[in-house]
Amino acid sequence: MRKLFSVATVALLSLSLVTGCGATGGQKSAEVIKVGGNLELSGGAAAFGQYAEKAIKLAFEQQNAKGGVLGKKLEYVSSDNKSDPGESTVASTKLATQDKVVAILGPMTSGNTLAAVQVVTDSKVPLITPTGTSDSVTFENGKVKPWIFRACFIDPFQGQVAANFASDTLKAKKAALFIDQKGDYSKGLATSFEDNFKKSGGEVVATEQYVAGSDLDFRATLVRIKAANPDVVFVPGYYQEVGLIVKQAREMGMKQVFLGGDGWGSPQLVDVAGAAALENTYYVNHGAMDDPGMAQFIKDFQGKYNSEPDTFAALGYDTANLLIKALENAGSTEPEKLRSALETMKGFQGISGELNVDPATHNPVKSAAILQFKEGKSVFMTKVNPK
Amino acid sequence: MGSVTEQVLQQIVNGLSLGSIYALVALGYTMVYGIIKLINFAHGDVMMVGAYAGWFATTTLHMSFIPALLIAMTVSAILGVLIERIAYKPLRNATRIASLITAIGVSFFLEYGGMLVVSPQMRTYPPVFPDTIYNVGGIIIKYGDIVMIVTSIVLMVLLHGIVKYTKIGKAMRAVSFDTEAALLMGINVNNTISATFAIGSALAAAAGVLMGVYFNTINPLMGIIPGLKAFVAAVLGGIGIIPGAMVGGFFLGLTESFVSGLGASTWRDAVAFLILILVLIVKPSGLFGKNIREKV
């Protein structure tokens, strides 16, 4: 019986080898290059994923109008991870094994990207996250994750920019942190903010936590933050909770400056919090939509979708073009060649700024922007270059 | 220092407005349980539908708060009756576990059907109330807090009046006491049960609209957590007992507020469910529950 079983296993394995070869062979002769999108199309971070997907489709459409890449058209395969790490693993598996895509774009959040790492590494499909900013996404325990790339700067840099802005520009001495307890993203930003803020002589007077996705009422915790009397409150969360937090804080008479990271970058933040509550708030982002370099993209995006793009759309667009450039540099869709083309990418001109990939960590070296809310609009304040 | 008392009083205000939502939802749980011994797990999702109906009334139809509230309550009342007639009535004489599982099924149907119809994206309510904020000796009370607490108290008084002094209320109490005897006395049991669902669902819709207006965001899965919390509130007060649900709701709101106020905000939900477990161990019939001797 056992012998029969092992024979059957060997037969199955060799069969899968044959089909495996067949698939790769088929792909080479195929007329299209399939690229997967593992994005947050529903759930808590849906606004990020939906905009990025629109921008990716736009970039592919423009490239296909120019004749595609390597003489083939690009085909986009969409997959929704429902803003959930478990679903992100499922979506990556489907894209890598069923759709046989040459690369995966997304997910937008660090937690969901981390959930996709094992699958894409096993199936050797390069993955580029537009906005997965957590440190550990590409690099962990002193080792780079060979198949994971990103088009954005990393959380420590974001936290550092926010902390320096708080102490140098705002002259803040006391800060409070309000962190999403479940989010890798939120915790990463908070840690680097705290380190850098303390380095420049500041003091963290309160650290409080909330649970994203289930908390709606933050007043009880805000009472505590208010009592600690900070100069600035750092809230490294996503727009849905941030909107409620800022709104409720203002209602309770808190006049402090609120600071955040790129998770604030959605027009829905203004819908939730209201324009008045967002006065005197700032956030770090990948670029500013009123930067002149964005003008052509904004025009194209509006022309196609009849809506205003946000920074997530801009990064989605950069991610798609980064992949196109890498495919051109590699001259092939072979996983290993594509991977090394991404790893050695230098001088890529994206709409959010110039991007150079550091081969040792896969982290791009690029600048950050600080934006301010004025009458419900984010306004570009200053650009901060990496040191 | 005065700031400690100030903080405590502020937490009481926060707790009461949060608790009034739990209380409204808990009433529906308790009424339905009282009459057909069913834990209607779809109740939180009926609240969600109510919140969407209110949102539609305020955004597309540009209604003000009270008409929108009435529309939402009507829509949910009809939905509640439909759910009862389609899903629960055929199972009235089946085992209890069958109707319980059906209730969970209806809950999923509303959540994911809702996602399909209105998309999973969150929606924001337009500002329905003025942004007036009253500062009473350092304690911040929003206009919305007052509307929330007043609306729920008015609805609770109204419910009490219906149950105590009207014919349908008398019928509800009779059916809840002994369904078969009520039937023998010529009470239309089916209509009475439908009325219970309608009233309970309307109260949930009111809670949904209040929540939407107060927190400004609604989404198809918004009913899950408040639904569970309201269930805890109903059990806490003694399931099937109407005043118990009100007290349970306010008690839970205040507890959550104080747990967060002590700096353990991440433990807030854990504490809510810990209370449920403790109540079930120590006094399974709830705070207001009487031990009823089993009839032999």
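**Exercise 1. Find how many salt bridges the rule gives across the interface of chain A and chain B, then describe the contact.**

Solution. Across this interface the rule finds 3 salt bridges. A salt bridge here is a side-chain nitrogen of Lys or Arg within 4 Å of a carboxyl oxygen of Asp or Glu. The model is predicted: local features need pLDDT of at least 70, side-chain atom pairs count only at pLDDT 80 or more, and totals for chains, interfaces and linings use all residues. Residues are numbered from 1 along each chain as its sequence is written, chains are lettered from A in the order in which they are written, and side-chain values use heavy atoms, without hydrogens and water.

Step 1. Take a pair. D145(B) forms a salt bridge with R219(A). Their closest N and O atoms are 3.0 Å apart.

Step 2. Count the residues. Chain A gives 27 residues to the contact and chain B gives 30. Contact means heavy atoms within 4.5 Å.

Step 3. State the area. The two chains bury about 2500 Å² between them. Of this, 53% is on carbon and sulfur atoms. Buried area is the accessible area (1.4 Å probe) that two parts lose on being put together, summed over both.

**Exercise 2. Check the span of helix α9 of chain B, and decide whether α9(B) is largely enclosed or not.**

Solution. Step 1. Helix α9(B) covers residues 224-237, 14 residues in total. Helices are DSSP runs (H or I, at least four residues), and strands are runs of E (at least two), numbered from the N terminus.

Step 2. The expected span is 1.5 Å times one less than the number of residues. That gives 20 Å, and the end C-alpha atoms are 20 Å apart, so the two agree.

Step 3. Of the 14 residues, 11 are buried, so α9(B) is largely enclosed by the rest of the structure. Buried means under 20% relative accessible area, exposed over 50%, partly exposed in between (1.4 Å probe, protein chains only). Among the buried residues are P226(B), F231(B) and L236(B).

Step 4. Look just past the helix. G238(B) takes a positive phi of about 105°.

**Exercise 3. Which residues does L79(B) touch, not counting residues up to four places away in sequence?**

Solution. Step 1. Place the residue. L79(B) is in helix α3 (residues 65-88) of chain B.

Step 2. List the partners. L79(B) touches V46(B), V49(B) and L110(B).

Step 3. Compare sequence and space. L79(B) and V49(B) are 30 residues apart in sequence. Their C-alpha atoms are 8.7 Å apart.
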